[in-house]
Amino acid sequence: MVFFGAAGLAGLYSLFRPTQLILTREGFQVHGLRLKPLVPWNEVERFSVSKVKSTKFVSFTLKAPTKSPAQRAAALVSAPSRADGNIPAYLEKGAEEVRALLEEWRTQYSVAD
């Protein structure tokens, strides 16, 4: 009963405060039930679209030298692929549109190493 009550409260919370993708010059964050850590643009190697069953995600892969336990904690969903994290593509736009937007921001705001 406690489990289903907690799941019901989480579902109700998401109705009034849906998941948001926050883009800043420094990086991106996802705000859902809780705010995920900032993922800096210059630490992202690439964005891609992946599909698990019928659900599409925008996956991101971090550059190899910058992977740390704290950065791996920024992953939103553990990925069955080789990606370091996934961003749900139900944020008002399709997965490919979100991927293109993220790639555009990464290109524009990524600081050269």
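# A guided tour from sheet to helix

Start with the whole chain in view: from the N terminus on, its elements run α-β-β-β-β-β-α-β-α. That makes three helices and six strands, where helices (H or I, at least four residues) and strands (E, at least two) are DSSP runs numbered from the N terminus. Before you zoom in, note that this is a predicted model, in which local features need pLDDT of at least 70 and side-chain atom pairs count only at pLDDT 80 or more, while totals for chains, interfaces and linings use all residues. Residues are numbered from 1 along each chain as its sequence is written, and side-chain values use heavy atoms, with hydrogens and water left out.

**The overall view**

Switch on the surface. The accessible surface comes to about 7400 Å², and 59% of it belongs to carbon and sulfur atoms; the areas come from the Shrake-Rupley method with a 1.4 Å probe, and for residues only the protein chains shown count as cover. Of the 113 residues, 33% count as buried. Here buried means under 20% relative accessible area, exposed over 50%, and partly exposed in between (1.4 Å probe, protein chains only). Among contacts (heavy atoms within 4.5 Å) with a separation of 6 or more, 41% join residues 24 or more positions apart.

**Stop one: the sheet of strands 1, 2 and 3**

Select residues 20–23, 27–31 and 39–40. These three strands form an open sheet in the order 1-2-3, with antiparallel pairing; two strands pair if DSSP finds at least two bridges between them. Strand 1 and strand 3 are at the edges with a single partner strand each, so one side of each has no neighbour in the sheet. Zoom in on strand 1 and strand 2, which pair over four bridges. Which residue of strand 2 stands opposite Ile22? Look for Gln29.

**Stop two: the sheet of strands 4, 5 and 6**

Now select 44–52 for strand 4, 55–62 for strand 5 and 85–88 for strand 6. Here too is an open sheet of three strands, with the order 4-5-6 and antiparallel pairing. Strand 4 and strand 6 are its edges, each having a single partner strand, so one side of each is left without a neighbour in the sheet. On average, neighbouring strands of this sheet are turned by 30° against each other, direction ignored.

Strand 4 and strand 5 pair over eight bridges; show Val52 and you will find its bridge partner, Thr55, in strand 5. Then move to Ile87 in strand 6. Is Ile87 buried or exposed? Its relative accessible area is 0%, so Ile87 is buried. Try a distance label from the C-alpha atom of Ile87 to that of Val49: the two are 38 residues apart along the chain and separated by 9.5 Å.

**Stop three: helix 3**

Add residues 95–109, which are helix 3. Helix 3 lies across strand 1 and strand 2, running at about 20° to strand 1. Rotate the view and you will see helix 3 across strand 4, strand 5 and strand 6 as well, at about 175° to strand 4. For these angles, axes are lines fitted to C-alpha atoms, for helices over the stretch in contact, and the angles run from 0 to 180 degrees between N-to-C directions.

Next, show the charged side chains of helix 3. How many salt bridges does the structure hold? There are two, a salt bridge being a side-chain nitrogen of Lys or Arg within 4 Å of a carboxyl oxygen of Asp or Glu. One joins Glu96 and Arg99, whose closest N and O atoms are 2.8 Å apart. These two residues lie three apart in helix 3, about one turn of the helix. Glu96 is partly exposed at 44% relative accessibility, and Arg99 is partly exposed at 21%. Glu103 and Arg106 also meet in a salt bridge, at 2.3 Å from N to O. Both Glu103 and Arg106 are buried.

**Last stop: the aromatic cluster**

Finish by selecting Phe28, Trp41, Phe47, Phe60, Trp105 and Tyr109, which form one aromatic cluster. The whole structure has six aromatic pairs: rings of Phe, Tyr and Trp (its six-membered ring) pair if their centres lie within 6.5 Å, and planes under 30 degrees apart count as stacked, over 60 as edge-to-face and the rest as tilted. Trp41 and Phe47 make an edge-to-face pair, 6.4 Å centre to centre with 65° between the planes. Trp41 is buried at 0% relative accessible area, and Phe47 is buried at 5%.

Trp41 also pairs with Trp105, in a tilted arrangement with 6.2 Å between centres and 35° between planes. This pair links distant parts of the chain, 64 residues apart: Trp41 is in the loop between strand 3 and strand 4, and Trp105 is in helix 3. Trp105 is partly exposed, with a relative accessible area of 22%.
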